[in-house]
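Please load the model in your viewer and keep the selection tool handy. We will hop from place to place, with a short note at each stop.

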Amino acid sequence: MNSKQKILILGAGIAGMYAAERLAEDQDSEVTLLEATGHLGGRCFSFFDEKSGETIDNGQHLFAGAYSDFFDFLTRCDAMEKVNGFGELKIPFYSPAKGDEYNLNLGDGSKSSLLFGILGQSYFTLPERLKLLKTARKLISMKHVDSSKTVAGFLHESGQTELSMRAFWSPLTIAILNTSPLNAPLTLLASALRKMFSENSGRPLLMFPTTNYADLFANYCHIMASRHAKIEYQARVKRIIINDGLAQAVELENGDILHADIIVSALPYHALRKVLSDDILALPGFKNLMFYRDSQILSAYLWYDKPIKTPAMFAFLNSAIQWGFNRRRLQPSESKFRYPSSFAFTVSDADSLKDVNRYEIADLFSEILGDSMFEFKGLQPAHCRVIRSYKATFEAYPELEKYRIEQETEIPNFVLCGDWTQTGLPATIEGAARSGRLAVEVLQK
Ligand SMILES: Cc1cc2nc3c(=O)[nH]c(=O)nc-3n(C[C@H](O)[C@H](O)[C@H](O)COP(=O)(O)OP(=O)(O)OC[C@H]3O[C@@H](n4cnc5c(N)ncnc54)[C@H](O)[C@@H]3O)c2cc1C
């Protein structure tokens with residue numbers, strides 16, 4: 001007779017992968033990870049692009065050097081050597097408006113380098129630089145953050161000028177929270193900056209994968225197999241069956257019913273809303289699911305048939321594009337590429353581009369690049385691929401922080417994780433991994 005405790009984990013994004021891998025360490029448990037699609041990683045996924053002959057991700061991802069749970073996870077997956085860092089973080093900002101360029105220097109993660117980095121920015125006046133520095137340091141060391149405040153509200157109170165808002169705080173906030181400073185909660189920006197600058201264990205401030213996600217997670221299946229844990233792909237959960245105050249089973253879309261002793265949902269909030277019955281959604285602990293809203297990210301990959309030299313990472317002011325990445329520098333390869341140059345561009349909080357089709361995106365981006373950087377002047381991409389992530393992250397806003405749902409629920413054998421659950425962090429890979437750890441800790445209490 002099999003007396004092992006059956007654990008079902010729903011969703012193989014970072015949160016579900018993290019929780020499944022940790023729970024599978026217990027030999028008295030039988031762990032099954034159920035995933036609706038055919039791949040691991042959830043919102044961190046790769047696919048093959050036929051025209052370029054390259055496997056690309058659904059967008060360029062970056063990691064803060066201060067990520068801890070995610071890096072622990074990668075270490076257990078033997079994948080940390082596939083991550084690299086920007087030594088000193090110097091990001092050139094380009095602009096189609098001539099004379100509006102500057103170099104953002106955030107240093108190497110130490111507080112002293114932040115000080116010299118900001119004080120050395122001649123793009124800002126000296127009083128602006130002093131205010132920037134004072135405000136950045138205040139945010140990093142803030143013990144008590146007013147949870148009702150937006151980032152913009154706080155920055156206006158601290159006397160930031162229009163230029164500091166536009167060229168410094170706005171790009172930083174949108175990059176970290178995928179939300180404009182006007183709506184973004186101050187608590188989340190403060191916690192992310194504190195983590196980046198005070199809890200950094202000596203790693204570079206910003207890091208990146210030197211390979212695609214499929215390769216980064218290549219070892220995960222072997223680890224799970226060695227622990228006799230199962231991963232079921234194309235296993236879309238239709239319904240979580242909760243009776244008599246306990247989670248009993250899940251019904252898959254193909255009609256299969258899988259019984260379990262413990263169910264861990266690592267589904268995004270929008271998917272969880274669909275698989276819970278109305279009476280569960282009405283319980284106090286689940287009601288707050290209705291407060292979550294989506295925020296999108298648009299990623300565009302452009303390939304060129306001539307070599308183009310740029311920094312590995314760059315950014316834009318006064319432009320529809322926010323961030324640019326030279327993929328040939330971030331992910332070099334021994335083998336020959338079909339196109340000598342390849343760039344990934346990211347637009348966070350991308351609602352403004354929702355009605356622009358991919359041909360128009362290619363034209364718009366080429367025009368901005370040509371107007372902003374001499375390296376792209378007169379160039380048209382040989383190939384373009386646009387990826388829209390409509391539900392890239394939850395939209396962060398101050399009230400939501402009060403409503404974010406904990407991993408422990410009022411149903412004792414039903415636990416939640418996912419970047420949207422209460423982690424104190426924005427919707428990031430680190431938040432997802434942390435939520436997986438917190439879910440495991442609830443079960444091990
Ligand atoms: C384009 C883009 C760029 C980003 N850039 C960064 C970045 O630079 N740095 C950073 O830290 N974060 C970034 N993020 C955010 C980060 O990717 C997410 O926060 C994180 O991956 C979320 O992980 P998760 O496990 O919580 O959820 P998900 O990755 O969404 O995982 C949920 C899983 O559940 C599965 N699922 C859904 N419904 C069902 C169902 N009914 N049955 C079974 N399975 C189901 C899904 O297929 C998915 O695999 C980015 C996100 C996007 C989209």
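Start by selecting Leu 114, which sits in helix 3 (residues 111–119). This is a predicted model, so please read every value on the tour as computed from it. Is Leu 114 buried or exposed? With a relative accessible area of 4%, Leu 114 is buried. Now add Leu 133 to the selection and draw a distance between the two C-alpha atoms: they are separated by 8.2 Å, with the two positions 19 residues apart along the chain.

**Zoom out for the whole fold**

Switch to a cartoon view and you can follow 16 helices and 20 strands through the protein. The radius of gyration is 22 Å, close to the 22 Å from the globule rule for 445 residues, so the protein is as compact as a globular protein of that length. If you show the C-alpha trace alone, its extent along the principal axes is about 75 × 50 × 40 Å. Colour by accessibility next: buried residues account for 57% of the 445 residues.

**The ligand and its shell**

Now centre on the ligand. Which residues come nearest to the ligand? Of the 33 residues around it, they are Glu 35, Arg 43, Leu 62, Tyr 67 and Asp 419. Colour the shell by class and you should find 18 nonpolar, eleven polar and four charged residues.

Three polar approaches are worth picking out here. Select Ala 36, where a backbone N or O atom lies 3.2 Å from a nitrogen atom of the ligand. Move on to His 61: here a polar side-chain atom lies 3.3 Å from a ligand oxygen atom. Then go to Thr 428, which has a backbone N or O atom 3.3 Å from an oxygen atom of the ligand. Taken alone, the ligand would expose 1000 Å², and the protein buries 91% of that. For the elements that give two or more residues to the shell, highlight helix 1 (14–23), strand 15 (294–304), strand 19 (383–394) and helix 16 (429–443).

Where does the ligand lie with respect to domain 1 and domain 2? Give domain 1 (5–41 + 217–290 + 405–443) one colour and domain 2 (47–83 + 294–394) another; both contribute residues to the shell, so the ligand lies between them.

**Thr 423 and its partners**

Stay in the loop between strand 20 (414–416) and helix 16, and select Thr 423. Thr 423 counts as buried, at 7% relative accessibility. Its side chain makes a polar contact of 3.2 Å with the side chain of Arg 404. A polar atom of the Thr 423 side chain also lies 3.0 Å from the backbone nitrogen of Leu 425.

**Strand 5 and helix 2**

Next, pick Ala 64 in strand 5 (residues 63–64). Ala 64 is buried, with a relative accessible area of 8%. Add Asn 200 and check the C-alpha distance: Ala 64 and Asn 200 are 8.6 Å apart in space, although 136 residues apart in sequence.

Continue to helix 2 (residues 69–76), where the buried residues are Asp 69, Phe 70, Phe 71, Phe 73 and Leu 74. Just after helix 2, stop at Asp 78, which takes a positive phi of about 55°. Most residues other than glycine have a negative phi.

**Two more positive phi values**

Go to Gln 234, in the loop between strand 10 (230–232) and strand 11 (237–243). Phi of Gln 234 is near 50°, a positive value, and Gln 234 is exposed at a relative accessible area of 59%. Then select Asp 349, in the loop between strand 18 (341–348) and helix 14 (358–372). Phi of Asp 349 is likewise positive, near 50°, while its relative accessibility of 28% makes Asp 349 partly exposed.

**Last stop: Gln 160**

Finish in the loop between helix 5 (151–157) and helix 6 (162–177), where you will find Gln 160. What does the side chain of Gln 160 contact? Show the side chain of Thr 135 as well: a polar contact of 2.7 Å joins the two side chains. Gln 160 itself counts as buried, at 7% relative accessibility.

Terms used. Residues are numbered from 1 along each chain as its sequence is written. This is a predicted model: local features need pLDDT of at least 70, side-chain atom pairs count only at pLDDT 80 or more; totals for chains, interfaces and linings use all residues. Side-chain values use heavy atoms; hydrogens and water are left out. A residue is near a molecule or strand if one of its heavy atoms lies within 4 Å of it. A polar contact is a pair of N or O atoms within 3.5 Å; within protein, one must be able to donate a hydrogen and the other to accept it, and residues adjacent in sequence count only if both atoms are side-chain atoms. Accessible areas come from the Shrake-Rupley method with a 1.4 Å probe; for residues, only the protein chains shown count as cover. Helices (H or I, at least four residues) and strands (E, at least two) are DSSP runs, numbered from the N terminus. Ala, Val, Leu, Ile, Met, Phe, Trp, Tyr, Cys and Pro count as nonpolar, Asp, Glu, Lys and Arg as charged, and the others, Gly among them, as polar. Domain bounds come from an automatic or database domain assignment. The radius of gyration is taken over C-alpha atoms; the globule rule is 2.2 Å times the number of residues to the power 0.38. Buried means under 20% relative accessible area, exposed over 50%, partly exposed in between (1.4 Å probe, protein chains only).
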